[in-house]
Amino acid sequence: MESFMDLVLRRQSCRKYTAQPVTTEQLKACVEAARQAPSACNGQPWRFVIVNGGETAKALARCAQGQGMNKTISTSPAFIVVCQAKSNLASRAGGMLKGQDYASVDIGLAAAHLCLEAAEQGLGSCLLGWFDEGKVKKLLGIPQGQRVRLLVAVGHPENPRVHPKQRKGFDEICRVAADG
């Protein structure tokens, strides 16, 4: 069994996928992992739409392309659309009082869980923030009160080789404030 850090290091953004289909069960497992993410005051502001193959997946890929962005994403056989719905009253009130956007943090945590589960299954994933929200909502019938926050492309990587991550050094991003 690999360590959690091994899984974290294996997860990477995948932009080209094989034609091998992804099962609906695999995609549901990714959403189940996302559903288990922590959220402020247990608000769970997330909603998900699974798009697995066919013309809908192709149309969704086109919604994420434009102005030269996400050109290769059309090879993705599946997507999980991450939406934001209203959180519970405690989370919204706490966010207003503290000047914090807890729902965005919650959505990020859920998306991380989703992508880590995809990696656990040997699937590639890519978080897409560039898309035409209006077209996505119309295509998938997403209610007006929800925001589309992310599209997550999911599939079998064309090149499964894990590439070294380019990250800032530990000392650039962290300092120890406490004694010891």
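**Exercise 1. Place Q65 in the chain and list its surroundings**.

Solution.
Step 1. Q65 sits in the loop that links α3 and β2. The model is a predicted one.
Step 2. Take the accessibility. The relative accessible area of Q65 is 27%. Buried would need under 20%, and exposed over 50%. Q65 is therefore partly exposed.
Step 3. Look for contacts beyond four places in sequence. Q65 touches N70, K71, I73 and S74.
Step 4. Check polar atoms. A polar atom of the Q65 side chain lies 3.1 Å from the backbone oxygen of K71.
Step 5. Look further along the chain. W130 is 65 residues away from Q65, yet their C-alpha atoms are separated by 7.6 Å.

**Exercise 2. Find what N70 touches, and which backbone oxygen its side chain reaches**.

Solution.
Step 1. N70 belongs to the loop between α3 (54-63) and β2.
Step 2. Leave out residues up to four places away in sequence. The contacts of N70 are then A64, Q65, L128 and W130.
Step 3. Turn to the side chain. The N70 side chain reaches the backbone oxygen of W130 at 3.3 Å.

**Exercise 3. Work out the strand order of the open sheet and identify its edges**.

Solution.
Step 1. Count the bridges for each pair. β1 and β2 share seven bridges and pair in the antiparallel sense. β2 (residues 78-84) and β4 are antiparallel too, joined by seven bridges. Between β3 (residues 124-128) and β4 there are five bridges, again antiparallel.
Step 2. Pin each pairing with one residue pair. W46 faces Q84 of β2. C83 has V148 in β4 as its bridge partner. G124 is opposite G155 of β4.
Step 3. Chain the pairs together. The four strands form an open sheet in the order β1-β2-β4-β3, with antiparallel pairing.
Step 4. Read off the edges. β1 (46-52) and β3 each have a single partner strand, so one side of each lacks a neighbour in the sheet.
Step 5. Add the twist. On average, neighbouring strands of this sheet are turned by 20° against each other, direction ignored.

**Exercise 4. Describe how α2 packs on the sheet and against α5**.

Solution.
Step 1. Start with the sheet. Helix α2 (residues 24-35) packs on it and touches β1, β2 and β4. The direction of α2 makes about 165° with that of β1.
Step 2. Move to the helix pair. Two packed helices are described by the angle between their axes and the distance between the axes.
Step 3. Insert the values. The axes of α2 and α5 (residues 102-120) come within 7 Å and cross at roughly 140°.
Step 4. Classify the angle. Over 145 degrees would count as roughly antiparallel. The crossing angle is roughly 140°, so α2 is oblique to α5.
Step 5. Give the hand. The crossing of α2 and α5 is right-handed.
Step 6. Name the residues. α2 contributes A29, C30, A33 and A34 to the contact, and α5 contributes A110, H113, L114, E117 and A118.

**Exercise 5. Is Q146 buried or exposed, and how covered is β4**?

Solution.
Step 1. Q146 lies in the loop between α6 (133-140) and β4.
Step 2. The relative accessible area of Q146 is 16%. The limit for buried is under 20%, so Q146 is buried.
Step 3. List the contacts beyond four places in sequence. Q146 touches R47, C83, Q84, A85, E133 and K137.
Step 4. Go on to β4 (residues 147-155). Seven of its nine residues are buried, and the strand is mostly covered.

How values were computed
Residues are numbered from 1 along each chain as its sequence is written. This is a predicted model: local features need pLDDT of at least 70, side-chain atom pairs count only at pLDDT 80 or more; totals for chains, interfaces and linings use all residues. Side-chain values use heavy atoms; hydrogens and water are left out. Buried means under 20% relative accessible area, exposed over 50%, partly exposed in between (1.4 Å probe, protein chains only). Helices (H or I, at least four residues) and strands (E, at least two) are DSSP runs, numbered from the N terminus. Two strands pair if DSSP finds at least two bridges between them. A polar contact is a pair of N or O atoms within 3.5 Å; within protein, one must be able to donate a hydrogen and the other to accept it, and residues adjacent in sequence count only if both atoms are side-chain atoms. Contact means heavy atoms within 4.5 Å. Axes are lines fitted to C-alpha atoms, for helices over the stretch in contact, and angles run from 0 to 180 degrees between N-to-C directions. Angles under 35 degrees count as roughly parallel, over 145 as roughly antiparallel, 65 to 115 as roughly perpendicular and the rest as oblique. A crossing is left-handed if the near helix is turned anticlockwise from the far one by less than a right angle, and right-handed if clockwise.
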